[in-house]
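Could you walk me through this model in the viewer, one selection at a time? I would like to know what to click on next and what I will find there.

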Amino acid sequence: MFNEARLKLTLWYLLILMLISFGFSVVIYKVLDSELNRFSFAQRMRLENRFREFRNPNFEYSPRLFMTPDLVDETRKRIVLFLFLINGGILVAGGTLSYFLAGKTLKPIEEMVSQQKQFISDASHEFKTPLASLKTSLEVALRDKNLDLAESKRVLKDNLVEVERLQKLTENLLVLSRYEAEGKGKRNLSRVNFSLIFDEALRRVKPLLKAKGIRLKKDIRDVEFLVDAESMVELLVVLLDNAIKYSYKKGIVEVVSYAKRNFLFFEVKDYGIGIKPEDQKHIFDRFYRADSSRQSNERQGFGIGLSLAKRIVEKHKGEIFVKSKFGKGSVFVVKIPLSS
Ligand code: ADP
């Protein structure tokens with residue numbers, strides 16, 4: 001599909017180039033032709049003047065002194081030939097260059113389309129398993145003639161949990177696709193204090209902290225930075241949510257923020273299950289989940305949070321990285337320019 005588009009675009013580029021080149025050739029030919037005519041006319045005038053001097057015995061006639069009609073025609077032909085050769089050269093060189101340029105123009109579009117295809121196939125894959133298990137459990141319940149009220153309620157409750165998970169997945173996918181579609185586009189920037197961002201993020205994850213009995217330690221500096229406040233809250237929620245999710249019960253999560261050389265740094269640290277070095281390279285990829293986090297039912301996720309976090313950080317021209325020891329815990333460090 002892209003090769004076909006590339007060829008079409010090449011032809012369009014080439015057509016435009018050749019039209020311009022042909023237009024210029026016609027203009028050049030016209031100008032040179034009128035110059036030739038002017039020149040031969042001037043020569044003829046000079047010739048006539050010389051004839052008048054014929055009586056002068058010292059005058060020697062030589063055809064080379066004059067631009068004869070034959071010579072004018074020959075020069076005209078040579079100009080036409082020359083222009084044809086130049087246009088031929090432009091056709092060949094322009095064709096090659098156009099093909100190269102068409103490839104370069106289409107490359108980002110090709111990448112975007114293939115990313116979108118990948119996104120759709122990954123997302124459908126994520127939906128497939130929970131939907132299949134929902135369907136099976138409902139079918140089994142319907143076929144069971146002795147199903148009592150208590151058992152039906154249990155099935156419904158289980159299914160509701162699964163539906164809620166799917167709902168969360170849909171929300172996350174929508175947010176992620178919004179960020180991907182925005183790319184480096186518009187942002188809703190405002191000057192905010194990091195402590196406000198932190199308070200809002202904390203409010204959103206408080207129920208999770210409580211449910212797991214996690215203690216939160218914080219050392220937050222009052223630093224103002226120019227950011228999209230809602231995205232920053234989302235970013236911090238992802239990191240806090242993970243820190244809580246992958247901590248052991250009654251563990252500790254620490255949040256530190258400080259400003260250094262025109263950057264705001266913040267770190268979210270936990271003493272939980274940690275991440276193996278081979279997984280650390282992939283955790284920011286969409287839908288990637290380390291095996292260690294898949295093992296526990298309690299740590300359910302979709303592998304979207306960190307890819308979302310990365311997009312948000314990139315949008316602010318910042319950086320995010322992880323330091324982790326498997327079995328000991330992890331720290332996620334975010335660096336954002338104070339006026340991104
Ligand atoms: P998920 O919804 O699975 O948590 P994320 O994109 O947020 O998705 O994280 C991707 C993977 O990175 C997780 O599945 C987990 O394996 C690993 N991970 C992220 N944060 C932590 C953490 N604080 N401790 C241990 N592993 C983590």
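Begin by selecting Arg261, in the hairpin of S4 and S5: two residues lie between the strands, and Arg261 takes a positive phi near 40°. Keep in mind along the way that this is a predicted model. Now add Asn262, which sits in the loop between S4 and S5. Its phi is also positive, near 65°, and Asn262 is not a glycine. Is Asn262 buried or exposed? With a relative accessible area of 63%, Asn262 is exposed, because anything over 50% counts that way.

**The strands around the hairpin**

Extend the selection to strand S4 (residues 252-260) and strand S5 (residues 263-270), which pair in the antiparallel sense over eight bridges. Two pairs of residues are good to display as sticks here. Glu254 stands opposite Lys269 in S5, and Val253 has Asp270, also in S5, as its bridge partner.

Next, bring in S7 (329-337). S5 and S7 pair in the antiparallel sense, over eight bridges. To find your place in this pairing, pick Leu264, which stands opposite Ile336 in S7.

Then turn to strand S2 (residues 215-219), which runs parallel to S4 and is joined to S4 by five bridges. Select Asp219 and look across to S4, where its bridge partner is Val256.

**Helix H8 and the residue after it**

Select helix H8 (305-315). Which residues of H8 are buried? They are Leu306, Ser307, Leu308, Ala309, Ile312, Val313 and Lys315. To see what these buried residues pack against, show H3, H5, strand S6 (319-325) and S7.

Follow the chain out of H8 and you come to Lys317, whose phi is positive. Lys317 is found in the loop between H8 and S6. Its phi value is near 55°, in a residue other than glycine. Colour by accessibility and Lys317 counts as exposed, because its relative accessibility is 60% and the cut-off for exposed is over 50%.

**The largest pocket**

Now switch on a surface and look for the largest pocket, with a volume of about 1300 Å³. Where should you centre the view? Try Asp241, Asn242, Lys245, Gln300 and Gly301, which lie nearest the centre of the pocket among the 46 residues that line it.

Colour the lining by secondary structure element. Helix H3 (149-182), helix H4 (194-212), helix H5 (229-245), helix H7 (291-294), helix H8 and strand S7 each supply at least two residues. Which element gives the most to the lining? That is H5, with nine residues.

Recolour the lining by residue type, and it divides into 21 nonpolar, eleven polar and 14 charged residues. Colouring by domain is worth a try too, as the lining draws at least three residues from each of domain 2 (118-182) and domain 3 (190-337).

**Zooming out to the domains**

Pull back to show the whole chain. The domain assignment gives domain 1 (2-113), domain 2 (118-182) and domain 3 (190-337). How far apart do the C-alpha centres of domain 1 and domain 3 lie? The distance between these centres is 67 Å.

**Three single residues to finish**

Select Ser98, in helix H2 (residues 69-143). Ser98 counts as buried because its relative accessibility is 5%, and buried means under 20%. Display its surroundings: leaving aside neighbours within four places in sequence, Ser98 is in contact with Thr10, Tyr13 and Leu14.

Move to Glu162, which belongs to helix H3. Glu162 is also buried, with a relative accessible area of 18%. Not counting residues up to four places away in sequence, Glu162 touches Pro130, Ser133 and Leu134.

Last, pick Leu189, in strand S1 (residues 189-193). At 32% relative accessibility, Leu189 counts as partly exposed. Draw a distance from the C-alpha of Leu189 to that of Ser34: the viewer should show 63 Å, for two residues that are 155 apart in sequence.

Technical notes: Residues are numbered from 1 along each chain as its sequence is written. This is a predicted model: local features need pLDDT of at least 70, side-chain atom pairs count only at pLDDT 80 or more; totals for chains, interfaces and linings use all residues. Side-chain values use heavy atoms; hydrogens and water are left out. On a 1 Å grid over the protein atoms alone, a cavity is a set of points where a 1.4 Å probe fits but cannot get out, and a pocket is an open set with protein on both sides within 12 Å along at least five of seven lines; lining residues have an atom within 4 Å of a point. Grid points are joined across faces, edges and corners, and a volume is the space filled by probe spheres set on the points. Helices (H or I, at least four residues) and strands (E, at least two) are DSSP runs, numbered from the N terminus. Ala, Val, Leu, Ile, Met, Phe, Trp, Tyr, Cys and Pro count as nonpolar, Asp, Glu, Lys and Arg as charged, and the others, Gly among them, as polar. Domain bounds come from an automatic or database domain assignment. Two strands pair if DSSP finds at least two bridges between them. Buried means under 20% relative accessible area, exposed over 50%, partly exposed in between (1.4 Å probe, protein chains only). Contact means heavy atoms within 4.5 Å.
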